[in-house]
Amino acid sequence: MNTYFVQKPKMTLAGVSIRTTNEVEMGPDGGLSRLWETYFQSNIAGQIDTVQPEYIYSLYTDYESDASGAYTVVIGHEVAGESHLEDSGLASAAVPESKYMVFTTKKGPVFEVVAQAWGEIWAYFKESTEVRTYTGDFEIYDSRNFDPANTQVEIYIAIE
């Protein structure tokens, strides 16, 4: 898996959300697939002032502890302004400015390559000199050329 480092400014995302754990998601009661269905049925990009509507974010935030604890997932878009979010009924989350290690998945079926990439990311950070901050990690999907059967995703992991 290819990696690189980047510094990203603070941003705000708005979308649909759930609170979950990796343990729940690996079992029959995982809610992420239903959250994606809700996202695709909701036309979020049409409800808010987005920075780049073609980019869909899947944000992992509000970590209880680390990869083994509870966290919140927000699937949505970066917003240009926050003033109208209270009235939208959408979940919103602030992502602080951070340094990120970016992992690029191989091409393939989206759920397969993303799950495989996260397994590799967790293994990498068990032995890594880089330290995760758990302040907000995210996946970026480009909807302009999104093919669920053959896609490539970038996963941004916040590090110290």
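Leaving aside its neighbours within four places in sequence, with which residues is lysine 107 in contact? Select lysine 107 together with Val113, Asn150, Thr151 and Gln152, since these four are its contacts beyond that window, contact being taken as heavy atoms within 4.5 Å.

Before going further, note that this is a predicted model, in which local features need pLDDT of at least 70 and side-chain atom pairs count only at pLDDT 80 or more, while totals for chains, interfaces and linings use all residues. Residues are numbered from 1 along each chain as its sequence is written, and side-chain values use heavy atoms, with hydrogens and water left out.

**Lysine 107 and the second largest pocket**

Lysine 107 belongs to the loop that runs between strand S6 (98-104) and H4; helices (H or I, at least four residues) and strands (E, at least two) are DSSP runs, numbered from the N terminus. Its relative accessibility is 54%, so lysine 107 counts as exposed, where buried means under 20% relative accessible area, exposed over 50%, and partly exposed in between (1.4 Å probe, protein chains only). For a sense of scale, pick the C-alpha atoms of lysine 107 and glutamate 130, which are 23 residues apart along the chain and separated by 26 Å.

Lysine 107 is also one of the residues that line the second largest pocket, including Tyr55, Thr104, Tyr141 and Asn150. On a 1 Å grid over the protein atoms alone, a pocket is an open set of points where a 1.4 Å probe fits, with protein on both sides within 12 Å along at least five of seven lines, and lining residues have an atom within 4 Å of a point. The space in this second largest pocket is about 230 Å³, a volume being the space filled by probe spheres set on the points, which are joined across faces, edges and corners. Colour the lining by residue class and you should find four nonpolar, five polar and three charged residues, where Ala, Val, Leu, Ile, Met, Phe, Trp, Tyr, Cys and Pro count as nonpolar, Asp, Glu, Lys and Arg as charged, and the others, Gly among them, as polar. Strand S7 supplies the largest share of this lining, with three residues.

**The largest pocket**

Move next to the largest pocket, which holds about 630 Å³ of space. Its lining consists of 25 residues, and those nearest the centre are Leu32, Tyr60, Phe111, Val114 and Ala115. The elements giving two or more residues to this lining are helix H1 (22-25), H2, strand S3 (55-61), strand S4 (71-78), H4 and S7, and H4 gives the most, with six. By class, the lining divides into 18 nonpolar, four polar and three charged residues.

While H4 (residues 110-127) is displayed, select alanine 117, which is found in this helix. With 2% relative accessibility, alanine 117 counts as buried, and beyond its neighbours within four places in sequence it is in contact with Met1, Thr105 and Ile155.

**Aromatic rings**

Now show the side chains of Phe, Tyr and Trp, whose rings (for Trp, the six-membered one) pair if their centres lie within 6.5 Å, with planes under 30 degrees apart counted as stacked, over 60 as edge-to-face and the rest as tilted. By this rule the count comes to 17 aromatic pairs. Tryptophan 36 and tyrosine 39 form an edge-to-face pair, because their ring centres are 6.1 Å apart and their planes stand at 80°. Both residues of this pair, tryptophan 36 and tyrosine 39, lie in helix H2 (residues 32-42), three residues apart, about one turn of the helix, and both are buried.

Keep tryptophan 36 selected and add tyrosine 141, whose ring makes another edge-to-face pair with it, at 5.0 Å centre to centre and 75° between the planes. This pair links distant parts of the chain, as tryptophan 36 is in helix H2 and tyrosine 141 in strand S7 (residues 137-142), 105 residues apart. Tryptophan 36 and tyrosine 141 are both buried.

Then select Tyr60, Tyr63, Tyr71, Trp118, Trp122 and Tyr134, which form one aromatic cluster. Within that selection, tyrosine 134 has a positive phi of about 55° although it is not a glycine, and its place is in the loop between H4 and S7.
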